[in-house]
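Q: Please give a close look at a single part of this model, and then place that part in its surroundings.
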Amino acid sequence: MAVEYSNVKQGLSVAGGHSGIIISIFSTSSGNGKTITAINLAAFLAKEGYEVCLMDLDLQFGDVCDYLKLTPKYTLAEAQKDFESDPEEFNAKNYLTQYTHEDLSFSVMAPPKSIDDAYRIDVSAVEKIIEQLAGFDFIILDLQAVFSSLNLAMLDISAIINYVGIIDFLPSVKNFKVGYDTLIRFEYESNKIRLIENRSNSQKLIRGEDVERLIGERFSHKLPNDFQSVNKSVNAGVPLMFAAPNSPLTKSFEELADSYLQPQENSSTHIEAAEEQPNRSILSKFMGMLGW
Ligand SMILES: Nc1ncnc2c1ncn2[C@@H]1O[C@H](COP(=O)(O)OP(=O)(O)OP(=O)(O)O)[C@@H](O)[C@H]1O
Ligand SMILES: [Mg+2]
């Protein structure tokens, strides 16, 4: 392991009452790569020898089990039902599904199988279930792209919020900015929010630097574009380390996982609003239109 686990925990503001490190993956648009990120983070942290639980909290349309070809016997819905009927006897670990491939193994909490059951999921029950999973070193939360009461509760207990965006389209930039401003307005510490640009090297008219200036923060990590490898991984039901070990995207996920295992530096990612650029970019014109 890269660094003593206790040192890793010390560097992160682990929420009170939780002994495992909770890492959430969040975005304000769907299809931004949250599930791919969550699975590959879980895989690399497990490969380092940590006990990892990946929770699919995209309750209605979660993809973790499809991407990993898992057929769960129990889901969060059964966990909640049994917790509510007998909290004393309840053991959250009994509702997990184990993902195993070669020598890699981590646990998955599957989302409810029906939309009706998803609708019945209660925030306080999920909090209690996660408290029982505190024995895991890392609990990775794959969230839905929405500001819901469940997501806010999950972001509260997270030590790190990975806020993922694909910056290829003006409406997604707008959603990214509105989402970031909302996180700050809800008083999540900016040092717990990590901005991640996905598909960062894909061809696009909007430059990452312009988005950083708009947000006032730098991306702390950039994931390259590699549709072929992601496709191979999803089709085979295995994390990228098996489907495409040499892909720059796989390496990038490994670096992202490693970044949690290093002592946290206090290097600021904050940037001041820049002076007006001589050649106004598409984005700055758009910002002008929105009065930003
Ligand atoms: N870095 C990448 N390179 C190429 N394709 C990618 C990359 N990241 C994601 N994708 C593509 O985007 C699709 C959506 O990714 P993913 O399911 O992880 O997004 P999501 O944010 O979880 O979406 P949703 O909000 O619908 O749950 C993937 O199936 C893949 O085809
Ligand atoms: Mg998803």
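In which helix is the place of Leu 45?

A: Leu 45 belongs to helix α2. The model is a predicted one, in which local features need pLDDT of at least 70 and side-chain atom pairs count only at pLDDT 80 or more, while totals for chains, interfaces and linings use all residues. Residues are numbered from 1 along each chain as its sequence is written, and chains are lettered from A and ligands numbered from 1 in the order in which they are written. Helices (H or I, at least four residues) and strands (E, at least two) are DSSP runs, numbered from the N terminus.

Leu 45 counts as buried because 25 C-beta neighbours lie inside 10 Å. The limits are 20 or more other C-beta atoms within 10 Å for buried and 12 or fewer for exposed, with partly exposed in between and C-beta atoms placed from the backbone. Although Leu 45 and Phe 138 are 93 residues apart in sequence, their C-alpha atoms are 7.9 Å apart in space. Phe 138 is also in contact with Leu 45, as are Tyr 50, Val 52 and Ala 257, when neighbours within four places in sequence are left aside. A contact requires two C-beta atoms, placed from the backbone, within 7 Å of each other.

Helix α2 leads on to the interior of the chain. The largest nonpolar core (buried Ala, Val, Leu, Ile, Met, Phe, Trp, Tyr and Cys residues joined through C-beta atoms within 7 Å) has 77 residues. Those that touch the most other members are Leu 41, Ala 42, Val 52, Leu 54, Ile 139 and Ile 140. The element that gives the most to this core is α2, which spans residues 34–47 and supplies 9 residues. Val 52 therefore appears twice in this account, as a contact of Leu 45 and as a member of the core. For Ile 139, residues up to four places away in sequence are again not counted, and the residues touched are Gly 20, Ile 22, Cys 53, Met 55, Ile 130 and Leu 133. In soluble globular proteins, nonpolar side chains tend to be buried together.

Other helices also have buried residues. In α4 (residues 76–85), these are Leu 76, Ala 77, Ala 79, Gln 80 and Phe 83. They lie on the same side of α4, because they cover an arc of only 160° around the axis. The buried residues of α4 pack against β4 (104–109), α5 (115–119) and α6 (123–132). In helix α9 (residues 208–215), the buried residues are Val 211, Arg 213, Leu 214 and Ile 215. After α9 comes Gly 216, with a positive phi near 90°.

A loop offers a further example. Arg 199 is found between β7 (193–197) and α9, and Arg 199 is buried, since 21 other C-beta atoms lie within 10 Å. Apart from residues up to four places away in sequence, Arg 199 touches Ile 166, Leu 223 and Asn 225. The C-alpha atoms of Arg 199 and Leu 249 are separated by 9.1 Å, with their positions 50 residues apart along the chain.

Finally, the whole chain may be considered. The chain has 13 helices and 8 strands, and 39% of its 292 residues count as buried. Among contacts between residues at least 6 apart in sequence, 76% join residues at least 24 apart.

Conventions
Arc of directions from axis to C-beta.
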